[in-house]
Amino acid sequence: QLQLVESGGGLVQPGGSLRLSCAASGFTLDYYSIGWFRQAPGKKREGVLCISRSDGNTYYADSVKGRFTISRDNAKNTVYLQMNSLKPEDTAVYYCAADSRYVLPVQAMCSGFESLDAWGQGTLVTVSS
């Protein structure tokens with residue numbers, strides 16, 4: 001059974017940083033494309049960052065370019081979303097997702113229209129003073 005568990009959410013002041021974790025069980029994350037998505041209250045879910053398993057190509061939503069990055073720790077079967085210079089508009093529930101397709105364009109993965117193999121339950125990030 002594919003399972004993803006996010007952690008690391010919380011309350012942070014504007015301008016601060018937070019690192020979210022996404023731990024996988026039942027499969028090896030290194031063989032999957034990974035996406036981070038978020039859903040703010042009253043808004044639809046959006047893809048913020050997706051990275052391809054095949055070539056490492058990465059898509060960033062315009063709203064997070066230069067502020068969010070992704071990294072992996074294969075030994076821990078975990079990926080991380082480093083979020084810097086946080087803004088109140090970054091407040092949302094953040095989800096990680098994984099997909100095994102070798103050829104899945106990252107823009108398509110982050111579009112929200114693709115059915116992905118696994119989703120986490122989400123972790124809440126609140127940016128407020």
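## Sheet architecture

Two strands are taken as paired if DSSP finds at least two bridges between them. In this predicted model, four strands arranged in the order 1-3-8-7 make up an open sheet, and their pairing is antiparallel. The edges are occupied by strand 1 (3-7) and strand 7 (68-73), each of which has a single partner strand, so that one side of each is left without a neighbour in the sheet. From one strand to the next, the twist averages 20°.

Within this sheet, strand 3, spanning residues 18-25, pairs with strand 8, spanning residues 78-83, in the antiparallel sense and over six bridges. One position can be followed across this pairing: Ser 21 has Tyr 80, in strand 8, as its bridge partner.

## The disulfide between Cys 22 and Cys 96

With a disulfide taken as a pair of cysteine sulfur atoms within 2.5 Å, the count comes to two. One of them joins Cys 22 and Cys 96, whose sulfur atoms lie 2.0 Å apart. Because Cys 22 belongs to strand 3 and Cys 96 to strand 9 (residues 92-99), the bond ties together parts that are 74 residues apart in sequence. The torsion about the S-S bond of Cys 22 and Cys 96 is about 70°, and the disulfide is therefore right-handed.

As to solvent exposure, Cys 22 has a relative accessibility of 0% and therefore counts as buried. Cys 96, at 0% relative accessibility, likewise counts as buried.

## The disulfide between Cys 50 and Cys 110

Cys 50 and Cys 110 form a disulfide in which the sulfur atoms are 2.1 Å apart. Here the bond connects a strand with a helix: Cys 50 lies in strand 5 (residues 46-51) and Cys 110 in helix 1 (residues 106-111), so the pair ties together parts that are 60 residues apart in sequence. For Cys 50 and Cys 110 the torsion about the S-S bond is about 100°, which means that this disulfide is right-handed.

Cys 50 is buried, its relative accessible area being 0%. Cys 110 has a relative accessibility of 6%, and because buried means under 20% relative accessible area, Cys 110 counts as buried too.

## Pairing pattern

When the bonded cysteines of the chain are numbered in sequence order, the pairing reads 1-3, 2-4. In residue terms, the disulfides are those of Cys 22 with Cys 96 and of Cys 50 with Cys 110.

How values were computed. Residues numbered from 1 in each chain as written. Predicted model: local features only at pLDDT ≥ 70, side-chain atom pairs only at ≥ 80, totals over all residues. Heavy atoms only, no water. Helix = DSSP H or I, 4+ residues; strand = E, 2+ residues; numbered from the N terminus. Axes fitted to C-alpha atoms, helices over the stretch in contact; angles between N-to-C directions. Buried < 20%, exposed > 50% of the residue type's maximum accessible area, 1.4 Å probe, protein only.
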